[in-house]
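Student: I'd like to go through this model and ask what earns each feature its label. Can we start with the strands and work outwards?

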Amino acid sequence: MKKRISYRIGQLQELMQSLETKGKHIDHPMKQEGTEQQKTFYDDAVNVERRNKVKAAMVHAWSSYEKYAWGFDELQPQSRSGVNNFGGLGASIIDSLDTLYIMGLDEQFQKAKGWVTDSLDFNKDVVASVFETTIRVVGGLLSAYDLAGDSIFLERAKQIADKLLPAWNTPSGIPYNAINLIHGNAHNPGWTGGASILADSGTEQVEFIALSQRTGDPKYQEKVENVIKRLQETFPDDGLLPIYINPNSGHAETYSKVTFGAMGDSFYEYLLKVWIQGNKTDAVKHYREMWERSMQGLMKLIKKSSPSSYTYITERSGSALIDKMDELACFAPGMLALGASTDDTDKSAEYLSLAEELTWTCYNFYNSTRTKLAGENYIFNEGEDMVVGTSWNIMRPETIESLMYLWRITGNETYRDWGWDIFQAFEKQTRIDSGYVGLRDVNSGEKDDMMQSFFLAETLKYLYLLFSPPSVIPLDQWVFNTEAHPIKIVPRLDSVPNLGVQQDSQQTEQVKSDQRSRHGRFETIGRIKNNILERTKHRERLLGRKEGRKLTSTDI
């Protein structure tokens, strides 16, 4: 115990020293020839201008939503009206909170916060997607809480999470994917044949674990971690699960396909991210092990096109590979790069190399069309390289997401240039006076009538971060949920001794108080110094763990 207290004090002393000596340069770790090296990044004029252009795009998108669709889930720009696609929970407002905050758009952020405080109502007789509500609403509110420290965001996140919890009341613990917010009746959509969807059932862990961490209530974490435990029981040797899971037995429906695109994608993403969120300790070791197994399975899905040798990820039906890749699967290069940056084995170089190859392919999803925007998916035929399959573009973020990760992890400026190309194509093809719209056809350029909430939550945020210094939401301090909402990395709840349903209210309040003090963004250096000993005691008694994360200056 004394050794651990001394270790904690040492960490905090290092924090004090770093706060006193921190310079203006930005130190960015990058992998090079298998060693961890430091590269100093300067905020050059070109990228300042680029991110200001992205910020201006966010202002235009937000102002259009505010003018024509305030309070609705999404804006229909050509109709200049709002539409509710997610239960009327103001998805665009909640999805935009952290983007507005990160970009320094304080006036817009305060208006959005006011709506969350005064107008957000979860008592609606509507059927909501458990997955979409979790990643957009729970994730968006938690991210706003972590960034701004306002308790209303945490309160609202808890309220909606409580309404979603009955979805996990199944024989196996694998959740149903839809629920009525008033009555709590959960079910699966008819078109799945009663099955739960892999991505929809395995992509709530980051958000619900974070909610338990911040409230001190373990029930959220327990529900979502039970899902992984059940899937782990029958996890295949290649780590690739079909997209349909039986909620009664907890077993995968083997007749369904394997894909890193729609309905499969974010399950694999969260295996890695929960491990990172959990400080890479023994408590979350099984997440990384499952992810490693899945990546070995991914390697078996890799093929190359002809004649240009584009690397792509196939889908699998039974034992047959299908030469089709969704743009949604373009999250995978970023995931691989993130996995490589947190791996000190020989696999790191393999992951990063594959990430670079896939990123080139995903960039060419955009660059190969007349509009320079990607189709929804691509077919790979012998001798034809890539051919647009489903031809719409709804301003998805996955390729830009991967460009952001690849740039931050390799330091290669080419990825920023590719992102700028894509942003310019969005500006040319999708911007209209009343917002941004998707394209019905990337070949003809015909426009649709929808500004997706994820355009504000993900696409513009990742573009802004691509052109920002890596110290803005650093990857070793934050983990992005699958809707691009950054969640602060803090100690896991199960590292708190005796924390659970039997804890007394005083201890619960101590945990809550300590979490909030560590999350407050505007805590002063002097306040940290004055509270060094007190916070050390809190961490040791309440949030201590054998393998603690080293504190850094951004913990303030």
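Student: What makes E15 and E16 a hairpin, and which residue in the turn has a positive phi?

Tutor: E15 and E16 form a hairpin with 3 residues between them, and Gly383 in the turn has a positive phi of about 80°. Before we go on: this is a predicted model, where local features need pLDDT of at least 70, side-chain atom pairs count only at pLDDT 80 or more, and totals for chains, interfaces and linings use all residues. Residues are numbered from 1 along each chain as its sequence is written, and side-chain values use heavy atoms, with hydrogens and water left out.

Student: How do you know that E15 and E16 pair?

Tutor: Strands are DSSP runs of E, at least two residues, and helices are runs of H or I, at least four, both numbered from the N terminus. Two strands pair if DSSP finds at least two bridges between them. E15 and E16 have 4 bridges, in the antiparallel sense, so they pass that test. In this pairing Ile379 stands opposite Val387 in E16.

Student: And what makes E14 a partner of E15?

Tutor: The same kind of count: E14 and strand E15 (residues 377-381) pair over 3 bridges, again antiparallel. Here Lys324 stands opposite Ile379 in E15.

Student: Why are E14 and E16 called edge strands?

Tutor: Strand E14 (324-326) and strand E16 (385-388) each pair on one side only. The open sheet has 3 strands in the order E14-E15-E16, with antiparallel pairing, and the twist averages 30° from one strand to the next.

Student: On to helices. Why is H13 called roughly parallel to H15?

Tutor: Axes are lines fitted to C-alpha atoms, for helices over the stretch in contact, and angles run from 0 to 180 degrees between N-to-C directions. Helix H13 (residues 347-367) and helix H15 (residues 414-430) pack at about 20°, with axes 11 Å apart. That makes H13 roughly parallel to H15, because angles under 35 degrees count as roughly parallel (over 145 is roughly antiparallel, 65 to 115 roughly perpendicular, the rest oblique).

Student: What about helix H3 (residues 91-102) and H5?

Tutor: Their axes come within 7 Å and cross at roughly 25°. Therefore H3 is roughly parallel to H5 too.

Student: What is the handedness of the two crossings, of H13 and H15 and of H3 and H5?

Tutor: H13 and H15 cross left-handed, and H3 passes H5 in a left-handed crossing. The label means that the near helix is turned anticlockwise from the far one by less than a right angle; clockwise would be right-handed.

Student: What makes something a cavity rather than a pocket?

Tutor: On a 1 Å grid over the protein atoms alone, a cavity is a set of points where a 1.4 Å probe fits but cannot get out, while a pocket is an open set with protein on both sides within 12 Å along at least five of seven lines; lining residues have an atom within 4 Å of a point. Grid points are joined across faces, edges and corners, and a volume is the space filled by probe spheres set on the points. The search finds 5 cavities of 30 Å³ or more; the second largest holds about 50 Å³. The second largest pocket has about 790 Å³.

Student: How does the lining of that second largest cavity divide?

Tutor: Into 5 nonpolar, 1 polar and 3 charged residues. Ala, Val, Leu, Ile, Met, Phe, Trp, Tyr, Cys and Pro count as nonpolar, Asp, Glu, Lys and Arg as charged, and the others as polar, Gly among them. The lining includes Gly334, Glu269, Lys273 and Glu401.
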